[in-house]
Amino acid sequence: MQPNQQMNPQQSQATPKDLFEQAKKLMAAGDVFEASKRAGKLRAHFPEEPPILAIHGLALAKLGVHEPAIQDMRASARLTLQALEEGDEENPARPRIVDQFIHLQSEIGRSLTALGEYEAAKDEIQRAIDMDPDRADAVAAMAELKSAQGDTQEAIEMIDDGLERKLDEIPLMVSLALILDDAESPDMDRIKACKDRLGVLCDEVGLMAGELMGILRAHGNLSDRLGEYTEAFNSFRRAAKLRRGGFNPKAHATITSKLMESWTAEGIDSLVRPEGDLGVRRVFLGGSVHSGMPQVQELLERLPNTVIVGPMESLGMLCMTQLTSAKGVLRAVVPGPAGHRGDQLSKVATVYGQTCDAAARMAGMITVDTHPHNLNLFGCAAMSMRGVRIINCRRDPIEHALAMYCDEMPGNHPYAGELLAAAAYIKDCERMMDHWTSVLNDERVGAKVVNVQYEQVLSDPAAVLRQLGDALGFEVSDDLADGLEATSAKGPGLHALEYGTASKQLREFFEA
């Protein structure tokens, strides 16, 4: 479940100290995925060093991979606290060690909040506040927890108290924006005041890119909530331009077309494939960010014996090491089924299955892999594991592109740095999902592909749950669907037409 730890030549020549400093700088610059790769490499060699465990855990938390992130952050926090208790009070490094402990406790709390483990989150954050009641990040984390529990007023009061005590303003204001935006009955006057102050903070000199991106997007979200769409888009655009990494839409479109030409049902059927339905307990989510994947995950978790194992890198790594792969734009691809032997496919199926079972921590479970960049590798999964299930998450492309462009997306998503690059990526994903639906549903392949629409996931989740249950072989009872209610989208994707020029560009692109 950890990000790909392969290193480029420059990284492989770096010393551990170099890699650690690179990881810290990349985190500050907002390039969390690259930071996680360096931290992952270090962790593999130094699994008990508190600073390395800390930065690896913090990076995974930013990527939304919370369970392994919590494990590493807790291990680092425990060792850090031990160093404080056993160390010299006059140690000049003591303030830095205290800072690390408080930061870790706050982020552990945030990850637990994201997982819905509210009592555990409260205990972790309280340890940070007990050590230093004036730490803005800890106060903000506790306020966000209160908001997640539905106590918006107490959350706002905590932020106000921190501001009155002149604590670090930026983390408090960014958290306040999140809390106000999530409120069921928002105070529009308070939203406007927060938005105006964030607008001032956006223009402060000396902010690191990672911090500035957070302020800009908080400002954009509140501007969107107020209906000030031009101002919102300007903030989202400024934040997008701070993204690191490059994306070549033309190269990605060419690779997509070649994969569609090469991957056929006939080609898969011609191989000597592993015997048995090795894929019946393996489920992959297809789609991309903001296509409804988190909502579909929540529905799948309602089904019996079904476990979300997260965005696993295993399929990509196995395709690179066991199959004939070629360089892609975002990750390596397998050009086609031709030339692969039965022993190669058996290796992929066996190791991938073992990895999933280990991640599920219970034998016999249906596992769901949510890595968004697995999309181009679904043919590999199908030819290695008969019976594999694939669920494609799809959304109106204009709404999808705008939502993607305006979102934080801290992972390896360089295509979201430009609006039309995001649109091009979505268009390629849609083409690829169409192709897999046609090819892999062929009875000769033995896979099953279903498509779910984001709009229906929100408007009628019970119907989508029944569709998912049918795909996985379950009859969904009324009890399994109990409590499911319609929800609505948020942010720019909810009202794409209000973003006039941007919406026009996207419409022309998708109609071309």
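**Salt bridges and free cysteines**

User: Is Lys24 buried, partly exposed or exposed?
Analyst: In this predicted model, Lys24 has a relative accessibility of 39%. Buried requires under 20% and exposed over 50%. Because 39% falls in between, Lys24 counts as partly exposed.

User: With which residue does Lys24 form a salt bridge?
Analyst: The partner lies in helix α2 (residues 16-28), as Lys24 does, three residues apart, about one turn of the helix. This partner is partly exposed, at 31% relative accessibility. The closest N and O atoms are 3.6 Å apart, and the cut-off is 4 Å, so the pair counts as a salt bridge. The partner is Glu21.

User: How many residues apart are Arg331 and Glu313?
Analyst: Their side chains meet in a salt bridge, 2.9 Å from N to O. Arg331 sits in the loop between α17 (314-322) and α18 (342-360), whereas Glu313 sits in the loop between β2 (306-310) and α17. Arg331 is buried at 18%, and Glu313 is buried at 8%. The pair links distant parts of the chain, and its separation in residues is 18.

User: How many disulfides are there?
Analyst: A disulfide needs two cysteine sulfur atoms within 2.5 Å. For Cys406, the nearest cysteine sulfur, that of Cys202, is 14 Å away. For Cys429, the nearest, that of Cys393, is 11 Å away. Neither Cys406 nor Cys429 is in a disulfide, and the count for the model is zero.

User: How many salt bridges are counted?
Analyst: One of them joins Arg444 and Asp442, with closest N and O atoms 2.9 Å apart. Others share partners and join Lys192, Lys195, Asp196, Glu228 and Glu231 into one network. The count of salt bridges comes to 38.

Conventions:
Residues are numbered from 1 along each chain as its sequence is written. This is a predicted model: local features need pLDDT of at least 70, side-chain atom pairs count only at pLDDT 80 or more; totals for chains, interfaces and linings use all residues. Side-chain values use heavy atoms; hydrogens and water are left out. Helices (H or I, at least four residues) and strands (E, at least two) are DSSP runs, numbered from the N terminus. Buried means under 20% relative accessible area, exposed over 50%, partly exposed in between (1.4 Å probe, protein chains only).
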